[in-house]
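Reader: I have a sequence and a model open on my bench computer. Can we go through them in short questions and answers?

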Amino acid sequence: NEISKKQDKIKQIKKIKPDRVISLQNIGIARCDSKQTVYVQNALPFAEHRFGLLEDPFLWIYQNLIGKLTFCSLKKVDSIIVQNKWMQEAIIEKTGISKDLIEVREFKVEAEKNKERIYAQKTIFFYPATPIKFKNHKVIIDACKILQKRRSNYEVVFTLDPNEKGLSKKYAKQ
């Protein structure tokens, strides 16, 4: 089913014939004749720490198999966008791609200086991440246990479904 979805995307691209395709999925689209820009946001294939197959099969597959697919794919696209210089340097090191093809677009949020600050009863931390081990929900939970002893006017909001099996359910209990 996944293969047929990819084939449908390729057929749509060939039918539309866009000037440029922008992939937000870390990987370019194979057999695409249009110019391609890939936004690379997942650092796992470039991470220094290497997960063992027995330690975490999902992360091992992502680093080693999907990582190789990512590296090969990036060598075939016209340009790459990353969020920071570290990612730019990691891509250059792993793929040999020219620095000129990798644009760093750092996201900066600037607060308006003339706005009145609203003070809330408590501080709320919002963490929108899937329940995968390397997203470090456990680190946040452990930090909360320490903070509970020191202050109580905060809340951490995860975007997890407590009814799901696995890590979602485990983290929701904690």
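Reader: Where is Arg-31 found?

Author: This is a predicted model. Arg-31 has a positive phi of about 55 degrees, although it is not a glycine. Its place in the chain is the loop between β1 and β2.

Reader: Is Arg-31 buried or exposed?

Author: Exposed means over 50% relative accessible area. Arg-31 has a relative accessible area of 58%, so Arg-31 is exposed.

Reader: Which loop holds Lys-17?

Author: Phi of Lys-17 is near 55 degrees, a positive value in a residue other than glycine. Lys-17 is exposed, with a relative accessible area of 66%. The residue lies in the loop between α1 (2-16) and β1 (20-23).

Reader: Is Gln-36 buried or exposed?

Author: Gln-36 sits in strand β2. Its contacts beyond four places in sequence include Arg-20, Val-21, Gly-28 and Ile-29. The cut-off for buried is under 20% relative accessible area. Gln-36 is at 6%, so the verdict is buried.

Reader: Which residues does Ser-79 touch, leaving out those up to four places away in sequence?

Author: Ser-79 is in strand β3. Gln-36 has Ser-79 on its own contact list. Seen from Ser-79, the residues touched are Arg-20, Gln-36, Thr-37, Val-38 and Leu-101.

Reader: What separates the C-alpha atoms of Ser-79 and Asn-114?

Author: Along the chain, Ser-79 and Asn-114 are 35 residues apart. In space, their C-alpha atoms are separated by 39 Å.

Reader: Which element gives the most to the largest nonpolar core?

Author: That core has 13 residues. Those with the most contacts inside it are Val-40, Phe-46, Leu-74, Ile-80, Val-82 and Ile-91. The elements that give two or more residues are α2, β3 (79-82) and α3 (85-95). With 3 residues, the top contributor is α3.

Reader: Which residues does Val-40 touch, not counting those up to four places away in sequence?

Author: Val-40 is among the core residues with the most contacts inside the core. Its contacts are Asn-26, Phe-46, Leu-74, Ile-80, Ile-81, Val-82, Met-87 and Ile-91.

Reader: How many aromatic pairs are there, and why is the pair of Phe-46 and Phe-71 tilted?

Author: The count comes to 3 aromatic pairs. The ring centres of Phe-46 and Phe-71 are 5.3 Å apart. Planes under 30 degrees apart count as stacked and over 60 as edge-to-face, with the rest tilted. The planes here are at 55 degrees, so the pair is tilted.

Reader: Which parts of the chain does the pair of Phe-46 and Phe-71 link?

Author: Both partners count as buried, Phe-46 at 5% relative accessibility and Phe-71 at 13%. They are 25 residues apart, and the pair links distant parts of the chain. Those parts are the loop between β2 (35-39) and α2 (57-74), with Phe-46, and helix α2, with Phe-71.

Reader: Which helix holds both Phe-58 and Tyr-62?

Author: Phe-58 and Tyr-62 form a tilted aromatic pair, 6.2 Å centre to centre and 45 degrees between the planes. Phe-58 is partly exposed, with a relative accessible area of 44%. The two residues are 4 apart, about one turn of the helix, and that helix is α2.

Reader: How many residues lining the second largest pocket are charged?

Author: About 280 Å³ of space lies in this pocket. Its lining includes Phe-58, Tyr-62, Asn-26 and Lys-135. The lining divides into 7 nonpolar and 4 polar residues, and the charged count is 1.

Definitions and conventions:
Residues are numbered from 1 along each chain as its sequence is written. This is a predicted model: local features need pLDDT of at least 70, side-chain atom pairs count only at pLDDT 80 or more; totals for chains, interfaces and linings use all residues. Side-chain values use heavy atoms; hydrogens and water are left out. On a 1 Å grid over the protein atoms alone, a cavity is a set of points where a 1.4 Å probe fits but cannot get out, and a pocket is an open set with protein on both sides within 12 Å along at least five of seven lines; lining residues have an atom within 4 Å of a point. Grid points are joined across faces, edges and corners, and a volume is the space filled by probe spheres set on the points. Ala, Val, Leu, Ile, Met, Phe, Trp, Tyr, Cys and Pro count as nonpolar, Asp, Glu, Lys and Arg as charged, and the others, Gly among them, as polar. Rings of Phe, Tyr and Trp (its six-membered ring) pair if their centres lie within 6.5 Å; planes under 30 degrees apart count as stacked, over 60 as edge-to-face and the rest as tilted. Buried means under 20% relative accessible area, exposed over 50%, partly exposed in between (1.4 Å probe, protein chains only). A nonpolar core is a set of buried Ala, Val, Leu, Ile, Met, Phe, Trp, Tyr and Cys residues joined through side-chain atoms within 4.5 Å. Contact means heavy atoms within 4.5 Å.
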